[in-house]
Every structure is written in C-alpha cells, then in structure tokens.
Amino acid sequence: QQVTINDKNKIVFGVSYRESDVDSNYIPYGQNIQINNYKNNVDNISLFINDNWEFAPSWTLNAGVRYDDHSEAGDDTTLSFGINKKFDNNSHLYFNWSEVFKAPTLDDLYYNSYTEYLGTKYYMYGNTNLKPETGDTWTIGYSTTVDNKTNIGINYFESNLENAISWEYINSNDQQAKNIAEQEKRGLELTFNHKLNDHMELEASYTY
C-alpha cells in the first residue's frame, strides 16, 4: 500500500506471507534404506514500511524498517537507509546501507543428494541446525547516461555477516551446509548498457 504525503514524500507499507512444504528424501543406489527423510512446513511472515522523501532539490532519502518471523530461523527487525544525489537528468550518486536477516533456504536445511562415481559415493545434504545470516551491507555507486542509448555504472560494496551459510566439505567426499562464524566481503562492479535499437540491447558487467 502506498500513501502519498505530498509530491515529495511517499510511504509504502505492507505485509507478505510465504509458505513452503518440504518432502525431501533419497534412497541411495542399490540400497534399501532411506536417509534424511524430511516432511515439514516452513513459513515466513514479513511486515515492512519504507519512506521515500525528496528532502531537498536533487536529494532523495529512502529509509525503511522490516520485521520477519520465520518458522525455522526465528524473528528479527532490520533497518535500511539510502540516499541519492541527482546531478542532472542523466547522472546520480547513491549510497545504500541495510541490516541483514537471511533465513536458510530449504536446500540449506533439507537438501539430499547422492551420486556414485568410479565406485566412490558422494553425498550432499542440508543442515536443520543452521542459524540465520545476520549483519549489515553497504554500497556506494555512480551511474550516468552518456547519451540517449548508453548507460555506465560503477559501485563499491562491502558486507559483514555472522553465521554466513556455506557448503563445506566435512570429509574428502561429502558436503554439508554450515554456518561460518564471520564473513567479510568487499568488491567492485562495473556495468554497461547500450541500446542498439528499439528491440535489442547490449549489456556487459564486470565484478571483482
């Protein structure tokens, strides 16, 4: 739902609900046994509100708050903040920061996979004891339109997470989803978009 305070301030709020059923099981080749048989129901309800406010000429502020309640990962409230500086109709500078609450995916929790290659068995399986990823991330970037057909962008990003989820080898053959105590990530992204004609566009990007 959107509420227009005035022509420079708009508030968006809402609620979302998602439910997923899990029926995950696997019978290894040639064996009459079943491993990690899961039948479960996973749901998440979210409440959110976001304010988009042009507080000065060419300056826009975005601020929001979100509440998530996940049946497996628990609940948390996260904040987000962004500011955008518009230099002209063709270029702008932006900064975004947000807190992170990311529940494990169904694959992270319940995945089962079994293969056999040259007589060796390989397993991949989820972990029902996973914790949600938490932390914060921020991005600063610049985008400009060179002409009516070409857009170029550059941004730098960093994230700092606790309990980041990663698939790790627990021995030489088997992998399982696990929480990493801390994870720091930073990088740079370049994007290029060129409109060839009314029906075709060329896009390219590079991320380090």
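This short presentation covers the largest pocket, a strand hairpin and one buried serine in a predicted model.

Good morning, colleagues. I shall begin with the pocket. The largest pocket in this predicted model holds about 440 Å³ of space. Its lining is made up of 21 residues, and those closest to the pocket centre are Arg 18, Asn 44, His 70, Ala 103 and Pro 104.

Which strands supply at least two residues each of that lining? They are E2, spanning 9-26, E3, spanning 35-56, E4, spanning 59-70, and E6, spanning 91-102. Strand E2 gives the largest share, with five residues. As for the chemical classes, the lining of the largest pocket divides into seven nonpolar, seven polar and seven charged residues.

I turn next to strand E4, one of the strands that contribute to this lining. E4 pairs with strand E5, residues 74-88, in the antiparallel sense, and 12 bridges join the two. Together, E4 and E5 form a hairpin, with three residues between them. To locate one position in this pairing, please find Gly 64, which stands opposite Ser 80 in E5.

Finally, let us consider Ser 91, a residue of strand E6. Is Ser 91 buried or exposed? Ser 91 has a relative accessible area of 6%. The cut-off for a buried residue is under 20%, so Ser 91 counts as buried. What is Ser 91 in contact with, once its neighbours within four places in sequence are left aside? The contacts of Ser 91 are then Lys 85, Lys 86, Tyr 142, Ser 143 and Thr 144.

Thank you for your attention.

Note on methods. Residues numbered from 1 in each chain as written. Predicted model: local features only at pLDDT ≥ 70, side-chain atom pairs only at ≥ 80, totals over all residues. Heavy atoms only, no water. 1 Å grid on protein atoms, 1.4 Å probe; cavity = no way out; pocket = protein on both sides within 12 Å on 5 of 7 lines; lining within 4 Å. Points joined across faces, edges and corners; volume = space filled by probe spheres on them. Helix = DSSP H or I, 4+ residues; strand = E, 2+ residues; numbered from the N terminus. Nonpolar A, V, L, I, M, F, W, Y, C, P; charged D, E, K, R; others polar. Buried < 20%, exposed > 50% of the residue type's maximum accessible area, 1.4 Å probe, protein only. Contact = heavy atoms within 4.5 Å. Pairing = 2+ DSSP bridges.
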